[in-house]
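This report looks at one helix and its surroundings, and then at the contact between two chains.

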Amino acid sequence: MVENKSIDTGSASTTPKLLGIVNYGAGNIFSLTAALDRQGIAYEMINSPEEFDKYERYIIPGVGHAGAAMQKLAESGMVPKIKGTSKPVLGICVGMQLMTEFSEEGNAELLGIASVKTCHFSENLKLKIPHTGWNKVNAVPDNELFKDIKPGTYFYYVHSYFIEFNPTFTIASTDYGIKFSAALQKNNFYGVQFHPEKSGEAGEKILKNFSEL
Amino acid sequence: MSNSNTYDSKNHQGTGLAKRIIPCLDVKDGRTVKGVNFVDLRDAGDPVELAWQYSQQGADELVFLDITATHERRKTMVELVKAVARNVNIPFTIGGGINEIADADILLNSGADKISINSAAVRNPQLINDLAMAFGKQFVVVAVDTKAVGDKNLVHLNGGRIATEFETESWIKEAEDRGAGEILLTSMDHDGTKGGFDNRLLRKINDQISIPLIASGGAGNVQHFIDVFHQTNVDAALAASVFHYGEILIPALKEDLRTHNIEVRL
């Protein structure tokens with residue numbers, strides 16, 4: 001793994017905006033850390049609750065099964081820290097879904113940060129599932145996470161579950177048979193359903209924007 | 001909330017999802033094979049540089065097929081996968097020689113977005129279930145090489161040299177049921193002909209499955225890409241030599257596709 005590879009110099013105290021990646025064992029993060037490296041964004045892995053507070057912002061990655069990911073996150077002991085923080089948090093894909101109340105995937109109770117649900121694409125829509133590939137994202141005006149991202153920019157998706165559109169929390173939407181939350185925000189908590197680490201320059205810009213929140 | 005949903009009315013498929021254009025690179029001992037005659041390439045055999053070039057040109061995704069036959073292959077391939085993941089910001093799939101969970105696991109942890117299995121799945125269909133269970137179905141591409149034999153389409157192995165008794169339609173359905181997240185279908189009858197994709201078969205298969213389908217085999221010109229998307233509604237089209245030799249340039253291809261009302265990422 002590339003753990004800590006970008007942090008060759010200095011301690012956390014000399015890099016006040018250091019990003020911590022919540023390392024709870026849900027999927028591969030090589031591509032994410034590679035994208036952060038390309039953007040020159042310093043990061044470290046957070047392996048235990050004791051390490052949590054020294055970071056200034058957090059990414060919760062995640063691929064695979066939301067219920068299984070929630071179980072792993074609970075086992076990491078970091079749930080109270082995450083729920084209690086007022087620093088910026090970015091959930092990616094399943095990491096975003098964890099911020100909702102509930103997922104139809106495994107009928108799992110999740111963090112409940114935003115009072116929305118994670119649903120399966122209805123078979124009635126006659127869509128290819130997983131939703132795989134590049135789809136357009138339209139953000140609300142003036143959201144800092146989408147700074148300098150044009151409306152209708154394509155981002156890369158691969159998922160079978162989505163977060164319902166919600167006028168309170170949805171900060172960007174995508175249409176795939178149904179309009180869903182491409183990104184959501186509640187206070188300091190942000191989530192993106194697409195994969196910024198695989199979405200070309202636009203995705204890298206999202207990571208950069210988050211690192212500057 | 002932005003109300004700019006104007007593309008809904010323009011998009012005939014009604015989903016907004018772009019059709020993907022996928023260059024395929026054959027890799028042997030960590031180097032691409034088949035000549036590549038791009039201009040401005042320092043090293044035409046370096047898969048990482050090629051991958052980066054394709055990502056800059058607007059390729060939506062890449063497939064690397066490892067055709068190395070030696071025992072050293074896995075180590076070489078893992079290094080390659082890491083180098084691609086470090087340098088390239090679009091998704092990519094690795095195929096070739098993946099026979100068990102451990103093979104897939106190390107590729108996933110090196111940054112591969114998907115793995116593609118072909119003959120290993122035919123020999124051991126349970127592998128599809130096991131991979132989907134371990135990594136999620138979005139990680140599992142089942143590649144199928146098909147060839148017409150009499151009035152049947154049969155799955156073939158070893159680049160079309162070995163016929164199996166599996167009928168292509170039912171095998172693909174089985175692969176979907178077992179947890180494949182995507183199908184990469186290569187028509188051996190069309191592959192290398194540059195006469196166009198096997199649109200009749202692709203449409204038939206596409207209508208039978210509810211996971212994404214990648215068309216492969218037969219691309220010779222831009223019209224072939226227009227035809228496959230108009231006639232079959234497949235999700236992606238893959239080609240190798242027409243891209244490597246610069247016969248089709250991806251930016252121009254995508255402009256043409258858009259002109260023909262096919263949703264693409266520009």
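Contact is taken here to mean heavy atoms within 4.5 Å, and the model to which this applies is a predicted one.

## Helix 9 of chain B

With contact defined in that way, the cover over the buried residues of helix 9 of chain B includes strand 1 (20-28), helix 8 (199-208), strand 10 (213-216), strand 11 (236-239), helix 10 (241-244) and helix 11 (250-259) of chain B. The residues so covered are B:His224, B:Phe225, B:Ile226, B:Val228, B:Phe229 and B:Thr232, in a helix that runs over residues 222-232.

At the N-terminal end of helix 9 of chain B, B:Asn221 acts as a cap, with a side-chain oxygen 3.1 Å from the backbone nitrogen of B:Gln223. Just after helix 9 of chain B comes B:Asn233, which takes a positive phi of about 60 degrees.

## The interface of chains A and B

Chain A and chain B bury about 3,300 Å² between them, with 55% of that area on carbon and sulfur atoms, and the contact takes 36 residues from chain A and 47 residues from chain B. Three salt bridges are found across the interface, one of which joins B:Asp113 to A:Lys198, whose closest N and O atoms are 2.8 Å apart. There are also 15 residue pairs in polar contact across the interface, both residues being at pLDDT 80 or more.

On the side of chain A that touches chain B, at least two residues each come from helix 1 (30-38), strand 8 (131-139), strand 9 (153-159), strand 11 (170-176) and helix 5 (200-211) of chain A. Strand 8 of chain A gives the most, with eight residues. By type, the residues of this side divide into 15 nonpolar, 12 polar and nine charged.

Technical notes. Residues are numbered from 1 along each chain as its sequence is written. Chains are lettered from A and ligands numbered from 1 in the order in which they are written. This is a predicted model: local features need pLDDT of at least 70, side-chain atom pairs count only at pLDDT 80 or more; totals for chains, interfaces and linings use all residues. Side-chain values use heavy atoms; hydrogens and water are left out. Buried means under 20% relative accessible area, exposed over 50%, partly exposed in between (1.4 Å probe, protein chains only). Helices (H or I, at least four residues) and strands (E, at least two) are DSSP runs, numbered from the N terminus. A polar contact is a pair of N or O atoms within 3.5 Å; within protein, one must be able to donate a hydrogen and the other to accept it, and residues adjacent in sequence count only if both atoms are side-chain atoms. Buried area is the accessible area (1.4 Å probe) that two parts lose on being put together, summed over both. A salt bridge is a side-chain nitrogen of Lys or Arg within 4 Å of a carboxyl oxygen of Asp or Glu. Ala, Val, Leu, Ile, Met, Phe, Trp, Tyr, Cys and Pro count as nonpolar, Asp, Glu, Lys and Arg as charged, and the others, Gly among them, as polar.
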